[in-house]
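Me: I have a structure open and want to learn how to read it. Can you take me through some features one by one?

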Amino acid sequence: MTPPDDVFAGTLAELTWYEVDRAARSGAVLLWAFGVIEQHGPHLPTGTDVYVPGARLRGVQARLAERGVQALIMPPYYWGVNVVSGAFPASYGVRPELMREVMADLLTGMARDGFRHVFCFSGHGDALHNRTVHDGIRTASERAGVDASFVTEPALARRIGLALDDPHLTLYGPDEPPPAGPPDVHAGQWETSLMMHIQPKLVREDVRVRLEPSGLGPADLATWRQGFEHARRVTPDGYFGDPAAAGAEEGHRIQTTASEQAADAIVLRLRRTAPSHPHEERRNHG
């Protein structure tokens, strides 16, 4: 199936309010992606962190449907926090406190509509961005009582300082150290592979095949993660990894595996939070 170019395609934005209301009343869950517009080297579009999680949510939605769970996809949030690429052109960010409050307001509105579960995904690796996603979820959960959670891998949760038993996390995938070898963290092999799979016509293939591996190590990564001028100095071309080694088949494998693991984790959370009494669900919905 050809992936849609429109980031609104297949989302709640295409539904009428009657259809959204009916879905909420029937117990549908919401899936929401948080990305950012930022540079992704000379070969990938600035919307990469929006396209990738958007495709992930479509995969999760399909696998949830196979498991009997109805899910709607929210239009993506794409004005996030940008520290690492902040010194590059076309890399925009908002203040964390502003993003947190926007998230809390919108999640409160979703809860008011009757959606009891909102699962938030991140397409952007910036540590402060992801801590802010978690902070917005926690704030909304406290204010509105909605079961909102951050669906992520254990490695990211650890990197941003969260306990793995945090109630606002829905963890998926194995809890294991990063793979051996040079770090590949931004617009490199894995991220380029995903874009070659989901949005191949947006990949500047003539540029990609000529790119040399960045050849950077852990010490460079630590400096790069300080962001702004530090990152631009370490990666003047804007990528950290080996984009020339990427392939669409690898992207398909990564996407399929992650979608299946995330859907399984969501189903497990829904089972854990299901009402203990058969009539409780009816009372909660009036």
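Me: Which residue meets Arg 253 in a salt bridge?

Reply: Glu 250 does. This is a predicted model, and in it the N to O distance for Arg 253 and Glu 250 is 3.9 Å. That passes, because the cut-off for a salt bridge is 4 Å.

Me: Where do the two sit along the chain?

Reply: Both belong to helix α10, residues 248-272. They are three residues apart, so about one helical turn separates them. Glu 250 is partly exposed, at 21% relative accessibility. The limit for buried is under 20%.

Me: Which residue forms a salt bridge with Asp 21?

Reply: Arg 25 does, with the closest N and O atoms 3.1 Å apart. Here the spacing is four residues within helix α1 (residues 17-25), which again means about one helical turn. Now read the accessibility of each partner. Asp 21 is partly exposed at 28%. Arg 25 is exposed at 63%.

Me: What about a bridge between two helices?

Reply: Take Asp 135 and Arg 100. Their closest N and O atoms lie 3.8 Å apart. Asp 135 is in helix α4 (residues 127-144) and Arg 100 is in helix α3, so this pair ties together parts 35 residues apart in sequence. Arg 100 is partly exposed, with 25% relative accessibility.

Me: How many salt bridges does the structure hold?

Reply: It holds 13. Look for shared partners too. Asp 21 with Arg 25 is one bridge, and Arg 253 with Glu 250 is another. Salt bridges with partners in common join Arg 100, Glu 101, Asp 135, Arg 138, Glu 142 and Arg 143 into one network.

Me: Next, empty space. What is the general idea?

Reply: A probe the size of a water molecule is rolled over the atoms, and this shows where empty space is left. In this model, one cavity of 30 Å³ or more is counted. The largest cavity has about 160 Å³ of space.

Me: Which residues are closest to the centre of the largest cavity?

Reply: Val 7, Val 50, Gly 54, Ala 55 and Arg 58, out of 19 lining residues. Helix α2 (residues 48-66) contributes the most to the lining, with six residues. By class, the lining has 12 nonpolar, four polar and three charged residues.

Me: On to the surface. Which residues form a nonpolar patch there?

Reply: Tyr 78, Trp 79 and Tyr 92 form one, with about 320 Å² of accessible area together. Tyr 78 is in the loop between β2 (71-73) and α3 (96-112). Its relative accessible area is 31%, so Tyr 78 is partly exposed.

Me: What should I check in the backbone of that loop?

Reply: Check phi. Ala 90 lies in the loop between β2 and α3. Its phi is near 60°, a positive value in a residue other than glycine. Ala 90 is partly exposed at 27%.

Me: Is Ala 187 buried or exposed?

Reply: Buried, at 0% relative accessibility. Ala 187 also has a positive phi, about 55°, although it is not a glycine. Find it in the loop between β5 (169-171) and α6 (189-198).

Me: Last, contacts between distant parts of the chain. Which residue should I pair with Ile 37?

Reply: Pair it with Ser 91. The two are 54 residues apart along the chain, yet their C-alpha atoms are separated by 5.8 Å. Ile 37 lies in the loop between β1 (29-34) and α2. At 16% relative accessibility, Ile 37 counts as buried.

Key. Residues are numbered from 1 along each chain as its sequence is written. This is a predicted model: local features need pLDDT of at least 70, side-chain atom pairs count only at pLDDT 80 or more; totals for chains, interfaces and linings use all residues. Side-chain values use heavy atoms; hydrogens and water are left out. Patches are made of residues with over 30% relative accessible area and no salt bridge: like charges are joined within 9 Å, nonpolar side chains (Val, Leu, Ile, Met, Phe, Trp, Tyr) within 5 Å. Accessible areas come from the Shrake-Rupley method with a 1.4 Å probe; for residues, only the protein chains shown count as cover. A salt bridge is a side-chain nitrogen of Lys or Arg within 4 Å of a carboxyl oxygen of Asp or Glu. Buried means under 20% relative accessible area, exposed over 50%, partly exposed in between (1.4 Å probe, protein chains only). On a 1 Å grid over the protein atoms alone, a cavity is a set of points where a 1.4 Å probe fits but cannot get out, and a pocket is an open set with protein on both sides within 12 Å along at least five of seven lines; lining residues have an atom within 4 Å of a point. Grid points are joined across faces, edges and corners, and a volume is the space filled by probe spheres set on the points. Ala, Val, Leu, Ile, Met, Phe, Trp, Tyr, Cys and Pro count as nonpolar, Asp, Glu, Lys and Arg as charged, and the others, Gly among them, as polar.
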